[in-house]
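Okay, thanks for making the time, everyone. Let me put the structure up on the screen, and then I'll talk you through it.

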Amino acid sequence: MMAKPKKNNPPIVSLDEPINLNDPEYYINRELSWLQFNSRVLHEGCDERTPLLERLKFLAIFSSNLDEFFMVRVAGLKQQVEAKVNLLTPDGRTPQQQLDDIRLHLSPLVAKQNQQFEEILQPLLSNQGIYIIKYMDMNEQQKLYLDEYFKEQIFPVLTPLAVDPSHPFPYISNLSLNLAVVVKNPETEEEYFARVKVPKVLPRFIPLPSELASDNGRPIHWIGVPLEQAIAHNLDRLFPGMNIQECHPFRITRDADLELEEDEADDLLLAIEQELRKRRMGGTPVRLEIQSQTPENLRSRLLEDLELTANDVYQVNGLLGLRDLMYFMGLSLPELKDPPRQSVIPSRLQRLKEPCLDPDVLETEDGKDFFSVIREKDLLVHHPYQSFSGTVEQFITHAAWDPQVLAIKMTLYRTSGDSPIVNALIAAAENGKQVSVLVELKARFDEENNIYWARRLEKVGVHVVYGLAGLKTHSKIVLVVRREKEKICRYVHIGTGNYNPKTARLYTDLGLFSCREELGADLTDVFNFLTGYSLQKN
C-alpha cells in the first residue's frame, strides 16, 4: 500500500514567539512545488469546461513537462545520490528522500492522466467523430489498407535489432518509443529478444481514409491508429520465418542536462556545443515507461540492461508518450478549441506612423513616432491581451530604422525560429547602429537555437555576448540610445516574458516602456556589467 505524500504546511506561529528561519517547516521543496504546478496543468485537461481538443493539449503539455523534469531535475538528484551527497535542502530533505517523495506524488498523477485519456476523453472524441482505434478493433478493409500502408511507408524505415551474445543490448535514444519483441525459432524452439524503434520521422498517429469507416451517418472528422500498433501487428515482415511470441512498447528518458565546467571553459560557445553533442548521444537512463501488462521477465530484463531500479519504472494502462496528443490540435475543428483571441494595440500606439525603411529620409508628417509616445509618459503593456507585435516588435523595429537612434542593447533568453526581433537587430546593424546583444546560451533546451542566432548576429557586426560564467541571465531588457536636439536620451523596455512572438500570444506577461533617466542609467549599468567588467555594488 502506497504511503500518503508528506504535507509541507507551515506551522502556526504566535507573533510573540521568535521565528527560527532554519526550521524546515517554513520551506517548500522546489521539486514537489514543480509537481504541484504540473498537476494544475493536468487539472486543465480534466476540467469539463475546457474544450475537448484543448483537454488533449493539456495532457500533452503535462507529459512534455514531465519529460523535461526527469531529464533535468530527477537526473540531477540521481547524480547526487550516486555521488553520496547528503546535504539537506532548506525543507530538510536529502536527495534520496526527494526522489522517494517525487515518486510518491507523481505516481497517482500519471495514473490520473492515463485514466482521463483512456476512459473519459477517448469516448468523448468518438462522440465528436474522432476515432483513435486499436488494430484489433479494425475491420478487414481497414486492416488491408493499413497493411499496404505499412509495406510502402513504414517497413522501409524500420531496423530490427537482435539482442544476443553477438549483438549487445542496443543504445536506446532519449524519449524514444520502442517495441520489446520476443520471437521463437520454430526449428530449435529457442526464444530471442529484439528491439524495434518506433521511428520519430513518421507521424505517431496514422490516419485512415474516412470512407473506410461507418458511423451510422454521423460525420467522421478523423479516424486512425497509433503507429506502434501498426508496427506490432506486422512484425512477421521484420522477422520472417520466426514466430512472434509477444511484443510490448516501452519508452525511456535519459539525463539531458548540460554539465558545464564554466570556470575551466576558455570558450563558452565551444563548451556548450560540445555538451550539446553529448546530449544528442544521451546521458544515463533515469526513467522507464511501460504498459502495466508487460510481463515481469521482460520488465526485469529492461531494467537490468538499462541499469535502472524498480523505482524508476512508471506503468500505465494504455498509450505511452502522451505528449504526441498535440497532433490533434492540428485538426480543423474550431468548435472543439478555445475561441481565438485578438490582441489589441494600446490606444496610444494605434496611430503610429510606420517606421521609415529608407535611412536617407528623416521623418514623414503623419502620426507620432514610438519615442514621442513614450516621452509623454510611461507605457505598461499586458500580453497576450495587448499585442506583442504591435508594441515590443514595433519598438525594436522603429529603433532599427530611426536615423536618430545611435545604439540598441538587448538581452535574448529565448526567441522564435523565425524571429522578427532578431531580423530587426540585423537591420539595425546594417543601418550602421551600434548593436549589442547578450544571447544566453544556457537557456535550457534552446541552446542550439540561440547559438544559431548568435552566429547570425555576429556575421552582420552585432556585438554578441554569450552569457556569464556561473550565471544565467533571465532579464528581458532593451536599451535604445537616441540623439534628440543635441541631447542623448535613453528609452527602455523591461519585460517579464521572452522576446518570442509565438509564446507571447500564449503566456501572460508585463512590459514597461519608459524614458525615465533613472531607468536608463540602471540599464546602462546592467549592460556594462554583462558585457564588460564591473564591481559596482549599488
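**Sheets, rings and charges**

So, one hairline caveat up front: what you're looking at is a predicted model. Let's begin with strand β3, residues 177-184, and strand β4, residues 191-197, which run antiparallel and are joined by seven bridges. If you want a spot to zoom in on, take Val182, which stands opposite Phe193 in β4.

Now zoom out a bit. Those two strands belong to an open sheet of six strands, and going across it you read β2-β4-β3-β7-β8-β9, with mixed pairing. Which strands stand at the edges? That would be β2, at 160-163, and β9; each has a single partner strand, so one side of each is left without a neighbour in the sheet. On average, neighbouring strands here are turned by 30° against each other, if you ignore direction. And then there's a helix on it: α8, residues 296-306, packs on the sheet and touches β2, β3, β4, β7, β8 and β9. The direction of α8 makes about 165° with that of β8.

There's another sheet to look at. This one is open too, with three strands in the order β1-β6-β5, and again the pairing is mixed. Here β1 (130-132) and β5 (205-207) are the edge strands, and since each has a single partner strand, one side of each is left without a neighbour in the sheet. The average turn between neighbouring strands of this sheet is 25°, direction ignored. Look at β1 with strand β6, residues 222-226: they pair in the parallel sense, over three bridges. Tyr131 stands opposite Ile223 in β6.

As a quick reminder, strands of a sheet pair through backbone hydrogen bonds, either parallel or antiparallel.

Okay, on to the rings. How many aromatic pairs does a search of the whole structure find? The search comes back with 16. Let me pick out Phe205 and Phe328: their ring centres are 5.0 Å apart and their planes sit at 55°, so the pair is tilted. What I like about this one is where the partners come from. Phe205 is in strand β5, while Phe328 is in the loop between β9 (313-316) and α9 (370-376), so to speak a link between distant parts of the chain, 123 residues apart. Both Phe205 and Phe328 are buried.

Phe328 has another ring partner, Tyr327. The centres of those two rings are 5.0 Å apart with the planes at 85°, so that pair is edge-to-face. Buried or exposed, then, for Phe328? With 1% relative accessibility, Phe328 counts as buried, whereas Tyr327 is partly exposed at a relative accessible area of 31%.

Back to Phe205 for a second, because there's a charge involved: the charged end of Arg204 sits over the Phe205 ring, 5.6 Å from its centre. You can find a lysine in a similar role elsewhere: Lys57 lies over the face of Phe58, at 4.9 Å from the ring centre. And there's a ring cluster to click through, in which ring pairs link Trp34, Phe37, Phe69, Phe70 and Tyr314.

Last topic, charges. Side chains of opposite charge can pair when their charged atoms come close. The count for this model comes to 25 salt bridges. Take Glu289 and Arg251, which form a salt bridge with the closest N and O atoms 2.7 Å apart. Glu289 is in strand β8 (residues 285-291) and Arg251 in strand β7 (residues 243-254), 38 residues apart. Glu289 counts as buried at 13% relative accessibility, and Arg251 is buried as well, at 5%.

Then have a look at Arg482 in strand β14, residues 476-484. Arg482 forms a salt bridge with Asp369, where the closest N and O atoms are 4.0 Å apart. Arg482 also meets Asp402 in a salt bridge, at 2.8 Å from N to O. What does the Asp402 pair tie together? Asp402 lies in the loop between α10 (389-401) and β11 (405-412) and Arg482 in β14, so the pair ties together parts that are 80 residues apart in sequence. Asp402 and Arg482 are both buried.

One more to leave on the screen: salt bridges that share partners join Asp67, Arg251, Arg287, Glu289 and Arg323 into one network.

Technical notes. Residues are numbered from 1 along each chain as its sequence is written. This is a predicted model: local features need pLDDT of at least 70, side-chain atom pairs count only at pLDDT 80 or more; totals for chains, interfaces and linings use all residues. Side-chain values use heavy atoms; hydrogens and water are left out. Two strands pair if DSSP finds at least two bridges between them. Helices (H or I, at least four residues) and strands (E, at least two) are DSSP runs, numbered from the N terminus. Axes are lines fitted to C-alpha atoms, for helices over the stretch in contact, and angles run from 0 to 180 degrees between N-to-C directions. Rings of Phe, Tyr and Trp (its six-membered ring) pair if their centres lie within 6.5 Å; planes under 30 degrees apart count as stacked, over 60 as edge-to-face and the rest as tilted. Buried means under 20% relative accessible area, exposed over 50%, partly exposed in between (1.4 Å probe, protein chains only). A charge sits over a ring if NZ of Lys or CZ of Arg is within 6 Å of the ring centre and within 35 degrees of the ring normal. A salt bridge is a side-chain nitrogen of Lys or Arg within 4 Å of a carboxyl oxygen of Asp or Glu. Contact means heavy atoms within 4.5 Å.
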